[in-house]
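Q: Hi! I've just opened this one and could use a friendly tour. Can we start with how the helices meet?

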Amino acid sequence: MTNERRVLVHQNRQALAGSVAARFLTNMVDVLHEQDIAHVVLTGGSVGIAVLEAINESAARDTIDWSRVNFWWGDERWVPRADRERNELQAREALLDHVDVPQKNIHAFGASDDHIDADADALDAAAARYTAELLAHAPKGEQYPRFDVTFLGVGPDGHVASLFPHRSGIRERAASVVTVRDSPKPPVDRLSLTRPVINSSNRVWLVLAGSDKASALGLALAGASRDEVPAAGIKGRYRTVFFVDNDAAAQVPESLIAPAY
């Protein structure tokens, strides 16, 4: 495998979600054939959740031994656990509550109503706890698991996870998790994996749809700086794929588009 970026274009959002879901299920079959457990990083957003819904609706869903899959998140909004804006809640409703995955395999970020540590800043404490959980599931001598697939959305400004343009989070290299206290989109407080953690993934799948994403995608593929367009700084160890619809692909050079199959 190579780690060159590929762009796969689909006719519309529905076709995009279905295609990514099918690829994910096929990939998980292969991964679980080669190793005992898998680690997957989920994303929020309308398209990311649509992919999870398509996985749930697939006839191939139950070909996966979900007890061997661990789920993580690229970022989370600092809201109460039952808040409709929470990525974890949306993922549970879309997929996780419908498959036989043990609760111990669902590694959610802390929530604002968890009361994690009364003697420390709650957001900092939640970041420390997630850092420790990553470490607990990492191979010896490493800081985080070996992720098999990391899903990411891309914002109109090019942000991924909660790593925003011209903010310190996208430049962080030492920490596994960062706190975000001044997000340019609400809610202002968030938690996010850092770029080195994301880029350690074997496969990074960026899934985006809509004409409002076209500029960011074009800039990311044209070599913009990661500070300007964080998506430009994302590259998986073995494979980096941008799954997009026709509208989002409007500014992608034809030479970078691979056939969607």
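A: Happy to help, and keep in mind that this is a predicted model. Let's begin with helix 1, where R13, L16, A17, G18, V20, A21, F24 and L25 meet S46, V47, A50, V51, A54 and I55 of helix 2.

Q: How many of the residues in that contact are nonpolar, polar and charged?

A: The contact of helix 1 with helix 2 divides into 11 nonpolar residues, 2 polar ones and 1 charged one.

Q: At what angle do helix 1 and helix 2 pack?

A: Their angle is about 55 degrees, and the axes are 8 Å apart. That makes helix 1 oblique to helix 2.

Q: Right-handed or left-handed crossing?

A: Helix 1 passes helix 2 in a right-handed crossing.

Q: Cool. New topic: how many aromatic pairs does the structure hold?

A: There are 7 aromatic pairs. One of them joins F24 and F151: the ring centres are 5.5 Å apart and the planes sit at 50 degrees, so this pair is tilted.

Q: Where do F24 and F151 lie?

A: F24 is in helix 1 (residues 13-34), while F151 is in strand 5 (residues 149-152), so the pair ties together parts that are 127 residues apart in sequence.

Q: And is F24 buried or exposed?

A: F24 counts as buried, because its relative accessibility is 1%. F151 is buried too, at 4%.

Q: Which residues form an aromatic cluster with F24?

A: F24 forms one aromatic cluster with F151, W205 and F243.

Q: What about F109 and Y130, how are their rings arranged?

A: Those two are stacked, because their centres are 3.7 Å apart and their planes are at 25 degrees. F109 lies in the loop between helix 3 (87-94) and helix 4 (122-136), and Y130 lies in helix 4, so this pair ties together parts 21 residues apart in sequence.

Q: Are they buried or exposed?

A: F109 is buried, with a relative accessible area of 0%. Y130 is buried as well, at 2%.

Q: Last one: where does E93 lie?

A: E93 lies in helix 3. With 38% relative accessibility, E93 counts as partly exposed.

Q: Which residues is E93 in contact with, leaving aside its neighbours within four places in sequence?

A: Those are R84 and H98. As for E53, its C-alpha is 8.6 Å from the C-alpha of E93, and the two residues are 40 residues apart in sequence.

Key. Residues numbered from 1 in each chain as written. Predicted model: local features only at pLDDT ≥ 70, side-chain atom pairs only at ≥ 80, totals over all residues. Heavy atoms only, no water. Phe/Tyr/Trp six-rings, centres within 6.5 Å; stacked < 30°, edge-to-face > 60°. Helix = DSSP H or I, 4+ residues; strand = E, 2+ residues; numbered from the N terminus. Buried < 20%, exposed > 50% of the residue type's maximum accessible area, 1.4 Å probe, protein only. Axes fitted to C-alpha atoms, helices over the stretch in contact; angles between N-to-C directions. Parallel < 35°, antiparallel > 145°, perpendicular 65-115°, else oblique. Left-handed = near helix turned anticlockwise from the far one by under 90°. Contact = heavy atoms within 4.5 Å. Nonpolar A, V, L, I, M, F, W, Y, C, P; charged D, E, K, R; others polar.
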